[in-house]
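Trainee: I would like to go through this model from the inside out. Where should we begin?

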Amino acid sequence: MKTFFNLTERIKTELESNALINSVTYGDLYEVDLQKQNIFPLAHVNVTTGAIASATTSLNVSILFLDIVGESKEEQDAFYGDDNEHYVLNSMLAAATKTSQELLRGDLYADGYEVEDSVNVELFSERFEDKLAGVGLDFSVTIKNSVDLC
């Protein structure tokens with residue numbers, strides 16, 4: 001049974017094909033060197049919890065889409081401020097939307113990875129030490145069990 005490996009590999013492949021993402025990482029985000037500027041925009045995957053039923057396995061997945069917020073050299077705007085945070089949020093939301101659409105009805109769905117309910121989205125900034133902003137996706141994926149019992 002390679003349910004977990006197959007799921008994470010498919011998500012990784014989908015994220016690597018996204019033109020708005022430069023790097024894909026997995027696991028504990030605090031183990032990722034966020035000081036390396038060449039890794040951004042970054043998609044970070046983590047599988048948090050799950051449930052095993054008689055015929056299916058359900059896994060909860062979180063993906064963070066992160067990018068560096070840069071200071072603008074132009075005059076400060078009262079609404080947008082003096083950085084590109086709105087641009088970062090917009091582009092990371094676009095990357096997250098593409099991924100969620102693939103999960104809901106693209107190749108991932110056709111291959112038996114079914115997203116339960118809807119994909120939850122959270123926009124954030126000021127969540128990390130560095131000036132990073134982005135979008136978090138949380139969703140549950142159900143996969144048919146492939147273990148045969150004797």
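**Packing of helix 1**

Mentor: The buried residues of helix 1 pack against strand 1 (23–26), strand 2 (42–52), strand 3 (56–68), helix 2 (85–105) and strand 5 (132–144). Bear in mind that this is a predicted model.

Trainee: Which residues of helix 1 are buried, and where do they lie around the helix?

Mentor: Thr3, Leu7, Thr8, Ile11, Glu14 and Leu15 are buried in helix 1. Seen down the axis of helix 1, these buried residues fall within an arc of 125 degrees, so they line one face of the helix.

Trainee: What span should helix 1 have, and how far apart are its end C-alpha atoms?

Mentor: Helix 1 covers residues 3–16, which is 14 residues. At 1.5 Å a residue the expected span is 20 Å. The end C-alpha atoms agree with this, being apart by 20 Å.

**The whole protein**

Trainee: In what order do the helices and strands come?

Mentor: The protein has three helices and five strands. From the N terminus on, their order is α-β-β-β-α-α-β-β.

Trainee: What are the spans of the C-alpha trace, and what percentage of the residues is buried?

Mentor: Along its principal axes the C-alpha trace spans about 70 × 30 × 25 Å. The protein has 150 residues, and the buried share of them is 41%.

Trainee: What share of the accessible surface belongs to carbon and sulfur atoms?

Mentor: The accessible surface of the protein comes to about 9100 Å². The part that belongs to carbon and sulfur atoms is 49%.

Trainee: Among contacts with a separation of 6 or more, what share is between residues 24 or more positions apart?

Mentor: Contacts with a separation of 6 or more are the base for this percentage. Residues 24 or more positions apart account for 56%.

**Salt bridges**

Trainee: How many salt bridges are there, and which of them has both residues in helix 1?

Mentor: The count comes to three salt bridges. In one of them, both residues lie in helix 1, four residues apart, about one turn of the helix. Glu16 is partly exposed at 47% relative accessible area, and Lys12 is partly exposed at 33%. The N to O distance is 3.2 Å, and the pair is Glu16 and Lys12.

Trainee: Which residue forms a salt bridge with Glu14, and is Glu14 buried or exposed?

Mentor: Glu14 has 11% relative accessibility, under the 20% limit, so Glu14 counts as buried. The closest N and O atoms of the bridge are 2.8 Å apart, and the partner of Glu14 is Lys98. Lys98 lies in helix 2 and Glu14 in helix 1, so the pair ties together parts 84 residues apart in sequence. At 34% relative accessibility, the partly exposed member of this pair is Lys98.

Trainee: Which parts does the salt bridge between Glu85 and Lys131 tie together?

Mentor: The side chains of Glu85 and Lys131 meet with an N to O distance of 3.5 Å. Glu85 is buried at 16% relative accessible area, whereas Lys131 is partly exposed at 28%. The pair ties together parts that are 46 residues apart in sequence, because Glu85 lies in helix 2 and Lys131 in the loop between strand 4 and strand 5.

**Single sites**

Trainee: Is Thr99 buried or exposed, and which residues does Thr99 touch?

Mentor: Thr99 lies in helix 2 and counts as buried, at 2% relative accessibility. Not counting residues up to four places away in sequence, Thr99 touches Glu14, Leu15, Asn18, Ile63, Phe65 and Leu137.

Trainee: How far apart in space are Asn90 and Asp111?

Mentor: Asn90 is in helix 2 and is exposed, with a relative accessible area of 51%. Asn90 and Asp111 are 21 residues apart in sequence, and their C-alpha to C-alpha distance is 29 Å.

Trainee: Which residues are joined by a cis peptide bond?

Mentor: Most peptide bonds are trans. Here one cis bond has an omega of about -5 degrees. Its proline is found in the loop between strand 1 and strand 2. The residues joined are Phe40 and Pro41.

Trainee: Which residues form a nonpolar patch on the surface?

Mentor: Leu123, in strand 4 (residues 114–125), is partly exposed at 46% relative accessible area. Leu123 is one of the patch residues, which have about 240 Å² of accessible area together. The patch is formed by Leu93, Val121 and Leu123.

How values were computed:
Residues numbered from 1 in each chain as written. Predicted model: local features only at pLDDT ≥ 70, side-chain atom pairs only at ≥ 80, totals over all residues. Heavy atoms only, no water. Patch = residues over 30% accessible without salt bridge, like charges linked within 9 Å, V, L, I, M, F, W, Y side chains within 5 Å. Areas by Shrake-Rupley, 256 points an atom, 1.4 Å probe, with all protein chains shown as cover. Salt bridge = Lys/Arg side-chain N within 4 Å of Asp/Glu carboxyl O. Helix = DSSP H or I, 4+ residues; strand = E, 2+ residues; numbered from the N terminus. Buried < 20%, exposed > 50% of the residue type's maximum accessible area, 1.4 Å probe, protein only. Expected span 1.5 Å × (residues − 1). Arc of directions from axis to C-beta. Contact = heavy atoms within 4.5 Å.
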